[in-house]
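Thanks for coming. I will take a few places in this structure one by one, and you can follow along on the screen.

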Amino acid sequence: MTATATGKGVNSVQREPRIRTDVVIVGAGPVGLYGAYCAGFRGLRTVVVDALAEPGGQISALYPEKEVRDVAGIPRERGRGLVSALLEQASTYGPELLLGCRVLRLDRAADGTPVVGLCDGTEIEAGAVVLTAGIGTFTPRPLPGGQEWEGRGLRYFVPDPAGHRGERIVIAGGGDSAVDWAHALAPVAHSVVLVHRRDRFRAHAANVTALAGTGVEVLTGTEIVALEGDDRLRTVTLRTRGEPDRVTEVDTVIAALGFVSDLGPLAEWGLELRGRAVLVDQRMRTTVPRVYAAGDLADHEGKVRLMSVGFGEVATAVGNAAVELDPARTLFPGHSTDEQA
(Lines give C-alpha, C1' and ligand atoms only; values in the text may rest on other atoms or scores of the structure.)
Protein backbone atom coordinates (compact mmCIF):
# COMPACT_ATOMS: atom_id res chain seq x y z
CA MET A 1 0.00 0.00 0.00
CA THR A 2 1.36 3.38 -0.98
CA ALA A 3 0.89 5.96 1.75
CA THR A 4 1.21 9.72 1.87
CA ALA A 5 0.66 11.85 4.96
CA THR A 6 1.53 15.04 6.73
CA GLY A 7 1.49 13.29 10.12
CA LYS A 8 4.40 11.21 11.41
CA GLY A 9 4.39 7.44 11.37
CA VAL A 10 3.45 7.17 7.69
CA ASN A 11 5.95 7.25 4.85
CA SER A 12 5.67 10.38 2.70
CA VAL A 13 5.94 10.15 -1.07
CA GLN A 14 5.76 12.80 -3.76
CA ARG A 15 2.48 12.75 -5.63
CA GLU A 16 1.05 14.39 -8.69
CA PRO A 17 -1.33 17.34 -8.19
CA ARG A 18 -3.97 15.48 -10.26
CA ILE A 19 -4.63 11.81 -9.54
CA ARG A 20 -6.88 9.63 -11.70
CA THR A 21 -8.44 6.53 -10.22
CA ASP A 22 -11.53 4.35 -10.43
CA VAL A 23 -12.74 4.85 -6.87
CA VAL A 24 -11.86 7.34 -4.15
CA ILE A 25 -12.86 6.33 -0.62
CA VAL A 26 -13.23 9.23 1.82
CA GLY A 27 -12.43 7.88 5.29
CA ALA A 28 -9.69 5.42 6.32
CA GLY A 29 -11.55 3.90 9.25
CA PRO A 30 -12.40 0.17 9.38
CA VAL A 31 -15.22 0.47 6.84
CA GLY A 32 -13.09 2.51 4.43
CA LEU A 33 -10.20 0.05 4.68
CA TYR A 34 -12.49 -2.88 4.00
CA GLY A 35 -13.95 -0.92 1.09
CA ALA A 36 -10.43 -0.60 -0.34
CA TYR A 37 -10.10 -4.39 -0.23
CA CYS A 38 -13.50 -4.87 -1.88
CA ALA A 39 -12.64 -2.39 -4.63
CA GLY A 40 -9.28 -4.05 -5.24
CA PHE A 41 -10.93 -7.45 -5.43
CA ARG A 42 -13.12 -6.02 -8.19
CA GLY A 43 -10.00 -4.89 -10.04
CA LEU A 44 -10.60 -1.18 -9.36
CA ARG A 45 -7.80 1.32 -8.82
CA THR A 46 -8.45 2.87 -5.42
CA VAL A 47 -7.39 5.93 -3.44
CA VAL A 48 -8.29 6.25 0.25
CA VAL A 49 -8.24 9.73 1.86
CA ASP A 50 -8.47 10.71 5.53
CA ALA A 51 -7.96 13.92 7.50
CA LEU A 52 -6.33 11.98 10.35
CA ALA A 53 -2.60 11.29 10.22
CA GLU A 54 -2.99 7.54 10.68
CA PRO A 55 -5.51 4.98 9.44
CA GLY A 56 -8.17 3.49 11.68
CA GLY A 57 -10.56 6.40 12.19
CA GLN A 58 -12.19 6.61 15.61
CA ILE A 59 -10.58 3.34 16.71
CA SER A 60 -7.04 4.67 16.28
CA ALA A 61 -7.90 8.09 17.69
CA LEU A 62 -10.09 7.12 20.63
CA TYR A 63 -9.69 3.52 21.74
CA PRO A 64 -6.80 1.64 20.08
CA GLU A 65 -6.38 -0.58 23.15
CA LYS A 66 -10.06 -1.28 23.71
CA GLU A 67 -11.28 -4.79 22.89
CA VAL A 68 -13.64 -4.97 19.90
CA ARG A 69 -16.03 -7.92 20.24
CA ASP A 70 -18.84 -7.37 17.73
CA VAL A 71 -17.09 -8.27 14.46
CA ALA A 72 -18.20 -11.62 13.07
CA GLY A 73 -15.66 -14.40 13.49
CA ILE A 74 -13.40 -12.38 15.83
CA PRO A 75 -14.31 -13.15 19.47
CA ARG A 76 -12.14 -10.30 20.70
CA GLU A 77 -9.38 -8.11 19.32
CA ARG A 78 -7.87 -4.85 20.49
CA GLY A 79 -8.71 -1.91 18.25
CA ARG A 80 -5.09 -1.48 17.16
CA GLY A 81 -4.90 -5.12 16.11
CA LEU A 82 -8.14 -4.93 14.14
CA VAL A 83 -6.93 -1.86 12.24
CA SER A 84 -3.62 -3.59 11.50
CA ALA A 85 -5.44 -6.62 10.10
CA LEU A 86 -7.72 -4.44 7.95
CA LEU A 87 -4.67 -2.58 6.62
CA GLU A 88 -2.98 -5.84 5.72
CA GLN A 89 -6.14 -7.04 3.98
CA ALA A 90 -6.58 -3.76 2.08
CA SER A 91 -2.93 -3.75 0.96
CA THR A 92 -3.53 -6.94 -1.06
CA TYR A 93 -4.43 -4.87 -4.11
CA GLY A 94 -2.18 -1.85 -3.52
CA PRO A 95 -4.55 1.08 -2.94
CA GLU A 96 -3.03 4.53 -2.46
CA LEU A 97 -3.55 5.92 1.04
CA LEU A 98 -3.48 9.71 1.46
CA LEU A 99 -3.48 10.72 5.13
CA GLY A 100 -3.41 13.97 7.05
CA CYS A 101 -5.35 15.96 4.45
CA ARG A 102 -9.02 16.86 4.55
CA VAL A 103 -11.40 16.56 1.61
CA LEU A 104 -12.77 20.02 0.82
CA ARG A 105 -14.88 20.00 -2.31
CA LEU A 106 -16.57 17.94 -5.00
CA ASP A 107 -16.37 19.25 -8.56
CA ARG A 108 -17.09 17.68 -11.96
CA ALA A 109 -14.89 17.18 -15.00
CA ALA A 110 -16.29 18.11 -18.42
CA ASP A 111 -17.72 14.58 -18.85
CA GLY A 112 -19.37 14.60 -15.42
CA THR A 113 -16.66 12.57 -13.68
CA PRO A 114 -16.38 13.47 -9.96
CA VAL A 115 -13.27 15.43 -8.97
CA VAL A 116 -12.47 15.53 -5.25
CA GLY A 117 -10.33 18.44 -4.03
CA LEU A 118 -8.07 18.05 -0.99
CA CYS A 119 -6.81 20.68 1.45
CA ASP A 120 -3.29 20.60 -0.01
CA GLY A 121 -4.47 21.35 -3.54
CA THR A 122 -4.41 17.75 -4.79
CA GLU A 123 -7.32 16.81 -7.06
CA ILE A 124 -8.56 13.24 -7.45
CA GLU A 125 -10.55 12.44 -10.56
CA ALA A 126 -12.50 9.26 -9.85
CA GLY A 127 -15.22 7.27 -11.54
CA ALA A 128 -17.03 6.98 -8.21
CA VAL A 129 -16.77 8.41 -4.69
CA VAL A 130 -17.53 6.27 -1.62
CA LEU A 131 -18.00 8.17 1.64
CA THR A 132 -17.02 6.21 4.77
CA ALA A 133 -16.14 9.17 6.98
CA GLY A 134 -17.94 7.88 10.08
CA ILE A 135 -19.20 10.81 12.14
CA GLY A 136 -17.03 13.24 10.17
CA THR A 137 -14.43 15.22 12.03
CA PHE A 138 -14.71 15.02 15.81
CA THR A 139 -13.48 17.56 18.33
CA PRO A 140 -13.27 16.76 22.06
CA ARG A 141 -15.51 18.77 24.35
CA PRO A 142 -13.21 20.93 26.49
CA LEU A 143 -12.86 20.63 30.23
CA PRO A 144 -13.97 23.98 31.71
CA GLY A 145 -10.88 25.89 32.78
CA GLY A 146 -8.56 23.26 31.38
CA GLN A 147 -7.36 24.71 28.10
CA GLU A 148 -4.12 26.13 29.52
CA TRP A 149 -3.13 22.65 30.74
CA GLU A 150 -3.52 20.89 27.39
CA GLY A 151 -0.24 19.12 26.67
CA ARG A 152 0.93 19.76 30.25
CA GLY A 153 -1.04 17.08 32.05
CA LEU A 154 -4.48 17.37 30.45
CA ARG A 155 -5.35 14.85 27.72
CA TYR A 156 -8.43 13.86 25.77
CA PHE A 157 -7.25 10.47 24.42
CA VAL A 158 -5.40 7.41 25.72
CA PRO A 159 -3.64 5.92 22.69
CA ASP A 160 -1.27 3.83 24.84
CA PRO A 161 -2.16 2.98 28.47
CA ALA A 162 1.39 1.75 29.10
CA GLY A 163 2.60 5.33 28.67
CA HIS A 164 0.84 6.19 31.95
CA ARG A 165 2.55 3.54 34.04
CA GLY A 166 2.89 4.56 37.68
CA GLU A 167 0.88 7.77 37.25
CA ARG A 168 -1.85 9.26 39.44
CA ILE A 169 -4.77 9.75 37.08
CA VAL A 170 -8.13 11.47 37.28
CA ILE A 171 -10.65 10.71 34.52
CA ALA A 172 -13.64 13.00 34.03
CA GLY A 173 -16.67 11.65 32.18
CA GLY A 174 -19.61 9.29 32.34
CA GLY A 175 -19.63 7.63 28.93
CA ASP A 176 -18.11 4.44 27.56
CA SER A 177 -14.73 6.02 26.78
CA ALA A 178 -14.26 7.21 30.37
CA VAL A 179 -15.11 3.79 31.81
CA ASP A 180 -13.08 1.89 29.20
CA TRP A 181 -10.02 4.04 29.87
CA ALA A 182 -10.43 3.50 33.62
CA HIS A 183 -10.37 -0.26 33.02
CA ALA A 184 -7.35 -0.01 30.72
CA LEU A 185 -5.34 2.22 33.06
CA ALA A 186 -6.12 0.50 36.37
CA PRO A 187 -3.49 -2.27 35.93
CA VAL A 188 -0.64 0.13 35.06
CA ALA A 189 -1.35 3.39 36.90
CA HIS A 190 -0.48 4.15 40.52
CA SER A 191 -4.10 5.26 41.06
CA VAL A 192 -7.19 6.03 38.99
CA VAL A 193 -10.06 8.24 40.12
CA LEU A 194 -13.13 8.37 37.86
CA VAL A 195 -15.40 11.37 38.42
CA HIS A 196 -18.81 12.00 36.87
CA ARG A 197 -20.97 15.02 37.54
CA ARG A 198 -24.19 13.00 37.39
CA ASP A 199 -25.39 10.21 39.67
CA ARG A 200 -25.64 7.63 36.89
CA PHE A 201 -23.23 6.72 34.10
CA ARG A 202 -24.19 6.67 30.43
CA ALA A 203 -21.68 3.86 29.87
CA HIS A 204 -22.62 0.21 29.52
CA ALA A 205 -23.93 -0.88 32.92
CA ALA A 206 -21.91 -4.11 33.07
CA ASN A 207 -18.65 -2.25 32.48
CA VAL A 208 -19.48 0.23 35.24
CA THR A 209 -20.27 -2.60 37.66
CA ALA A 210 -17.00 -4.35 36.76
CA LEU A 211 -15.01 -1.34 38.01
CA ALA A 212 -15.70 -2.51 41.54
CA GLY A 213 -12.89 -5.07 41.36
CA THR A 214 -10.26 -2.92 39.65
CA GLY A 215 -9.18 -0.53 42.40
CA VAL A 216 -10.60 2.46 40.50
CA GLU A 217 -12.15 5.04 42.83
CA VAL A 218 -15.52 6.08 41.41
CA LEU A 219 -17.03 9.42 42.45
CA THR A 220 -20.47 10.40 41.17
CA GLY A 221 -22.08 13.79 41.63
CA THR A 222 -18.54 15.15 41.37
CA GLU A 223 -16.86 17.79 39.19
CA ILE A 224 -13.35 19.13 38.67
CA VAL A 225 -13.55 22.76 39.76
CA ALA A 226 -9.88 23.79 39.67
CA LEU A 227 -6.60 22.69 38.10
CA GLU A 228 -3.28 23.95 39.45
CA GLY A 229 0.42 23.42 38.90
CA ASP A 230 3.61 25.01 37.63
CA ASP A 231 5.23 23.93 34.38
CA ARG A 232 2.70 21.11 34.32
CA LEU A 233 -0.48 20.08 36.11
CA ARG A 234 0.02 19.03 39.73
CA THR A 235 -3.34 19.04 41.51
CA VAL A 236 -7.07 19.08 40.82
CA THR A 237 -9.82 20.17 43.14
CA LEU A 238 -12.85 17.87 43.20
CA ARG A 239 -16.26 19.02 44.39
CA THR A 240 -18.80 16.39 45.42
CA ARG A 241 -22.30 17.49 46.32
CA GLY A 242 -22.72 17.79 50.07
CA GLU A 243 -19.03 17.30 50.86
CA PRO A 244 -16.01 19.59 51.38
CA ASP A 245 -13.79 20.21 48.35
CA ARG A 246 -10.97 17.71 47.94
CA VAL A 247 -7.53 18.54 46.51
CA THR A 248 -5.96 15.55 44.75
CA GLU A 249 -2.41 15.24 43.42
CA VAL A 250 -2.32 14.14 39.79
CA ASP A 251 0.07 13.42 36.95
CA THR A 252 -2.60 13.28 34.25
CA VAL A 253 -6.22 14.36 33.89
CA ILE A 254 -8.15 12.71 31.08
CA ALA A 255 -11.21 14.65 29.95
CA ALA A 256 -13.58 12.10 28.41
CA LEU A 257 -16.51 14.48 28.02
CA GLY A 258 -17.58 13.42 24.56
CA PHE A 259 -17.00 14.87 21.14
CA VAL A 260 -18.62 17.33 18.76
CA SER A 261 -18.90 15.85 15.26
CA ASP A 262 -19.00 17.88 12.08
CA LEU A 263 -19.53 16.82 8.47
CA GLY A 264 -17.49 19.83 7.42
CA PRO A 265 -17.37 20.47 3.66
CA LEU A 266 -19.37 17.31 2.94
CA ALA A 267 -22.45 19.18 4.16
CA GLU A 268 -22.05 21.54 1.19
CA TRP A 269 -21.97 18.82 -1.48
CA GLY A 270 -25.74 18.80 -2.06
CA LEU A 271 -26.23 15.45 -0.32
CA GLU A 272 -29.60 14.76 1.28
CA LEU A 273 -28.97 14.65 5.01
CA ARG A 274 -30.77 13.35 8.07
CA GLY A 275 -29.11 15.13 10.95
CA ARG A 276 -25.39 14.46 10.48
CA ALA A 277 -25.96 11.35 8.34
CA VAL A 278 -26.18 10.97 4.57
CA LEU A 279 -29.30 9.32 3.17
CA VAL A 280 -28.72 6.39 0.80
CA ASP A 281 -30.87 3.94 -1.15
CA GLN A 282 -30.58 0.13 -1.12
CA ARG A 283 -27.58 0.35 -3.46
CA MET A 284 -25.89 2.76 -1.04
CA ARG A 285 -26.22 5.57 -3.57
CA THR A 286 -26.62 9.11 -2.27
CA THR A 287 -28.71 11.73 -4.02
CA VAL A 288 -25.57 13.02 -5.78
CA PRO A 289 -24.61 11.06 -8.94
CA ARG A 290 -21.70 8.63 -8.58
CA VAL A 291 -21.40 9.30 -4.86
CA TYR A 292 -22.07 6.42 -2.44
CA ALA A 293 -21.94 6.23 1.36
CA ALA A 294 -21.50 3.43 3.90
CA GLY A 295 -20.88 2.92 7.60
CA ASP A 296 -21.85 5.33 10.37
CA LEU A 297 -22.08 8.22 7.92
CA ALA A 298 -24.85 6.53 5.89
CA ASP A 299 -28.49 6.34 6.92
CA HIS A 300 -31.45 4.40 5.59
CA GLU A 301 -34.65 2.85 6.91
CA GLY A 302 -33.92 0.17 9.51
CA LYS A 303 -30.26 1.17 9.87
CA VAL A 304 -28.31 -0.60 12.62
CA ARG A 305 -25.07 1.23 13.45
CA LEU A 306 -22.59 -1.59 13.91
CA MET A 307 -19.18 -1.96 12.33
CA SER A 308 -20.23 -5.30 10.84
CA VAL A 309 -23.19 -3.60 9.14
CA GLY A 310 -20.82 -1.01 7.70
CA PHE A 311 -18.66 -3.77 6.20
CA GLY A 312 -21.69 -5.11 4.32
CA GLU A 313 -22.74 -1.63 3.24
CA VAL A 314 -19.36 -0.74 1.77
CA ALA A 315 -19.21 -4.05 -0.12
CA THR A 316 -22.63 -3.19 -1.56
CA ALA A 317 -21.52 0.34 -2.41
CA VAL A 318 -18.35 -0.80 -4.17
CA GLY A 319 -20.21 -3.54 -6.06
CA ASN A 320 -22.77 -1.11 -7.39
CA ALA A 321 -20.10 1.46 -8.20
CA ALA A 322 -18.21 -1.18 -10.21
CA VAL A 323 -21.31 -1.88 -12.31
CA GLU A 324 -21.98 1.83 -12.78
CA LEU A 325 -18.43 2.30 -14.05
CA ASP A 326 -18.71 -0.71 -16.39
CA PRO A 327 -22.22 -2.10 -17.06
CA ALA A 328 -20.60 -5.24 -18.50
CA ARG A 329 -19.58 -6.20 -14.97
CA THR A 330 -21.89 -8.31 -12.83
CA LEU A 331 -22.96 -7.06 -9.42
CA PHE A 332 -21.76 -10.23 -7.69
CA PRO A 333 -17.95 -10.19 -7.59
CA GLY A 334 -17.48 -13.91 -6.95
CA HIS A 335 -15.95 -15.48 -3.85
CA SER A 336 -12.37 -14.98 -2.72
CA THR A 337 -12.15 -18.78 -2.39
CA ASP A 338 -12.84 -19.06 -6.12
CA GLU A 339 -9.89 -16.76 -6.85
CA GLN A 340 -7.55 -18.95 -4.83
CA ALA A 341 -8.70 -22.21 -6.37
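Two rings of Phe, Tyr or Trp count here as a pair if their centres lie within 6.5 Å. Please keep in mind that this is a predicted model.

With that rule, let me start with the aromatic residues. How many aromatic pairs does a search of the whole structure find? The search finds five. Ring pairs join Tyr34, Tyr37, Phe41, Tyr93 and Phe311 into a cluster.

I will pick out the pair of Phe41 and Tyr93. A pair of aromatic rings is described by the distance of the centres and the angle of the planes. For Phe41 and Tyr93 the centres are 6.5 Å apart and the planes are at 70°, which is an edge-to-face arrangement. This pair links distant parts of the chain, with the two positions 52 residues apart in sequence terms. Phe41 belongs to helix α1, residues 30–41, while Tyr93 sits in the loop between α3 (79–90) and β6 (96–99).

Are these two rings buried or exposed? Phe41 has a relative accessibility of 18%, so Phe41 counts as buried. Tyr93, at 29%, counts as partly exposed. The line between the two classes is 20% relative accessible area.

Now to helix α1 itself. The helix has twelve residues and spans 17 Å from its first C-alpha to its last, close to the 16 Å expected at 1.5 Å a residue. Eleven of those twelve residues are buried, so α1 is largely enclosed by the rest of the structure. Among the buried ones are Pro30, Val31, Leu33, Tyr37 and Cys38, along with Phe41, which we have just met. After α1 comes Gly43, and its phi is positive, near 80°.

Next, the charged residues. The count of salt bridges comes to 19. I will show three of them, and two share Arg105.

Arg105 forms a salt bridge with Asp107, where the closest N and O atoms are 2.6 Å apart. Arg105 also meets Glu123 in a salt bridge, at 2.6 Å from N to O. What does the bridge between Glu123 and Arg105 tie together? Glu123 lies in strand β9, residues 123–131, and Arg105 lies in strand β7, residues 103–108, so the pair ties together parts that are 18 residues apart in sequence.

On accessibility, Arg105 has a relative accessible area of 31% and is partly exposed. Asp107 is partly exposed too, at 32%. Glu123 comes out at 21% and counts as partly exposed. These residues belong to a wider set: a network of salt bridges links Arg18, Arg20, Arg105, Asp107, Glu123 and Glu125.

Staying with β7, we can look at the strand it pairs with. β7 and strand β8, residues 114–118, pair in the antiparallel sense over five bridges. Arg108 stands opposite Pro114 in β8. The two strands form a hairpin with five residues between them, and Gly112 in the turn has a positive phi of about 90°.

The third salt bridge is elsewhere in the sequence. Arg234 and Asp231 form it, with their closest N and O atoms 3.1 Å apart. Arg234 is partly exposed at 37% relative accessibility, whereas Asp231 counts as exposed at 53%.

The residue after Arg234 is Thr235, and it is found in strand β16, residues 233–240. At 18% relative accessibility, Thr235 counts as buried. Which residues does Thr235 contact, leaving aside neighbours within four places in sequence? They are Ala226, Leu227, Glu228, Val247, Thr248, Glu249 and Val250.

One of those contacts, Leu227, brings me to my last residue, Asp299. Asp299 and Leu227 are 72 residues apart in sequence, and their C-alpha atoms are 41 Å apart in space.

Asp299 lies in strand β23, residues 298–299. Its relative accessibility is 9%, so Asp299 counts as buried. Beyond residues up to four places away in sequence, Asp299 touches Arg274, Ala277, Val278, Leu279, Val280 and Arg305. With one of these, Arg274, there is a polar contact between the two side chains, at 3.1 Å.

That is the end of my list. I am happy to go back to any of these places on the screen.

Notes:
Residues are numbered from 1 along each chain as its sequence is written. Side-chain values use heavy atoms; hydrogens and water are left out. Helices (H or I, at least four residues) and strands (E, at least two) are DSSP runs, numbered from the N terminus. Buried means under 20% relative accessible area, exposed over 50%, partly exposed in between (1.4 Å probe, protein chains only). Contact means heavy atoms within 4.5 Å. A polar contact is a pair of N or O atoms within 3.5 Å; within protein, one must be able to donate a hydrogen and the other to accept it, and residues adjacent in sequence count only if both atoms are side-chain atoms. Rings of Phe, Tyr and Trp (its six-membered ring) pair if their centres lie within 6.5 Å; planes under 30 degrees apart count as stacked, over 60 as edge-to-face and the rest as tilted. The expected span of a helix is 1.5 Å times one less than its number of residues. A salt bridge is a side-chain nitrogen of Lys or Arg within 4 Å of a carboxyl oxygen of Asp or Glu. Two strands pair if DSSP finds at least two bridges between them.
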